[in-house]
Amino acid sequence: MALLQKLLKEISTRSLRLPVSARYSSYLSSDQVQSIDQYPEVEILKNPPEWKYVERLLPKPVVPKVVHKAEYPSGWKPPAFTVADIDKLEYFVARSRNHMVPVYLETTFRGQRRVTVVRHVQGNLWQLEKEIREIVEKARNGRKCATRVNEMSGQVRVHGDYVDIVREHLKAKGY
């Protein structure tokens, strides 16, 4: 034990010089920061003419408002109801921030479980669940389907991939 302590004391008092390998990703091997005079001058332009080409590529900070037309080339339809009409309806399905009907497909267990989810529902969720269950059971030739209502988050879930059927039903109702 004493020999080990003596050896450690001897090693710590000596300045051991170990060979340094060239690591290009290490902070220690990088060049030190020089004075500002050593670097080239940089001119900062506030609004160069080339900036308009860059702005086209940047995402829009806010989704633009919909320009109302009689018919859209993609087949998209604006909602028939506005926020002022919510009180007259039993339930209201608000569009997403991209103006799309909020019907989604969630897949879990490596794609084996598919669940159709309707989000942003306000009002009587049970009435919407009843209507969705009826149209899905009609599509399944009368076989029952499992549904689930989450009142806290305003969601209705249907077991299975029925996104197209539910989305078309909601569009037909004007949502």
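In strand β6 (residues 155-159), Val158 is the bridge partner of Thr147. The pairing of β5 with β6 is antiparallel and comprises 4 bridges; two strands are taken to pair if DSSP finds at least two bridges between them. Strands (E, at least two residues) and helices (H or I, at least four residues) are DSSP runs, numbered from the N terminus. The hairpin formed by β5 and β6 has 4 residues between the strands, and Gly154 in this hairpin adopts a positive phi near 70°.

The model is predicted, with local features requiring pLDDT of at least 70 and side-chain atom pairs counted only at pLDDT 80 or more, whereas totals for chains, interfaces and linings use all residues. Residues are numbered from 1 along each chain as its sequence is written, and side-chain values use heavy atoms, with hydrogens and water left out.

The protein contains 4 helices and 6 strands, arranged along the sequence in the pattern α-α-β-β-β-β-α-β-β-α. Of its 175 residues, 23% are classed as buried, that is, under 20% relative accessible area, with exposed meaning over 50% and partly exposed the range in between (1.4 Å probe, protein chains only). Among the contacts in the protein with a separation of 6 or more, 60% involve residues 24 or more positions apart; contact here denotes heavy atoms within 4.5 Å.

Four of the strands form an open sheet in the order β2-β3-β6-β5, with antiparallel pairing. Its edge strands are β2 and β5 (147-150), each of which pairs on one side only. From one strand to the next, the twist averages 25°. Strands of a sheet pair through backbone hydrogen bonds, either parallel or antiparallel. Strand β2 (residues 103-108) is joined to strand β3 (residues 113-118) by 6 bridges, the two strands running antiparallel. Within this pair, Tyr104 stands opposite Val117 of β3, and Glu106 has Val115 of β3 as its bridge partner. The hairpin of β2 and β3 has 4 residues between the strands, and Phe109 takes a positive phi near 55° there. Strand β3 also pairs with β6, in the antiparallel sense and over 3 bridges. In that pairing, Thr116 is matched with Val158 of β6, while Val118 has Val156 of β6 as its bridge partner.

Two helices lie across strands of the sheet. Helix α3 (residues 125-139) and helix α4 (residues 163-173) have axes that come within 10 Å and cross at roughly 125°. Axes are lines fitted to C-alpha atoms, for helices over the stretch in contact, and angles run from 0 to 180 degrees between N-to-C directions. The helices α3 and α4 are therefore oblique to each other, given that angles under 35 degrees count as roughly parallel, over 145 as roughly antiparallel, 65 to 115 as roughly perpendicular and the rest as oblique. The contact is made by Leu128, Glu131, Ile132, Ile135, Val136 and Ala139 of α3 together with Ile165, Val166, His169, Leu170 and Lys173 of α4. These residues divide into 8 nonpolar, 1 polar and 2 charged, where Ala, Val, Leu, Ile, Met, Phe, Trp, Tyr, Cys and Pro count as nonpolar, Asp, Glu, Lys and Arg as charged, and the others, Gly among them, as polar. With respect to the strands, α3 lies across β3, β5 and β6 and runs at about 25° to β6. Helix α4 lies across β2 and β3, running at about 165° to β2.

Several loop residues merit separate description. Most residues other than glycine have a negative phi, and most peptide bonds are trans. His99, which is not a glycine, nevertheless has a positive phi of about 65°. This residue, His99, is located in the loop between β1 (91-93) and β2, and its relative accessibility of 26% places it in the partly exposed class. A positive phi, near 60°, is likewise found for His120, a residue other than glycine. His120 occupies the loop between β3 and β4 (121-123) and is partly exposed, with a relative accessible area of 38%. Arg97 is situated in the loop between β1 and β2 and is exposed, its relative accessible area being 73%. The C-alpha atoms of Arg97 and Val62 are 9.1 Å apart in space, and the two residues are 35 residues apart in sequence.
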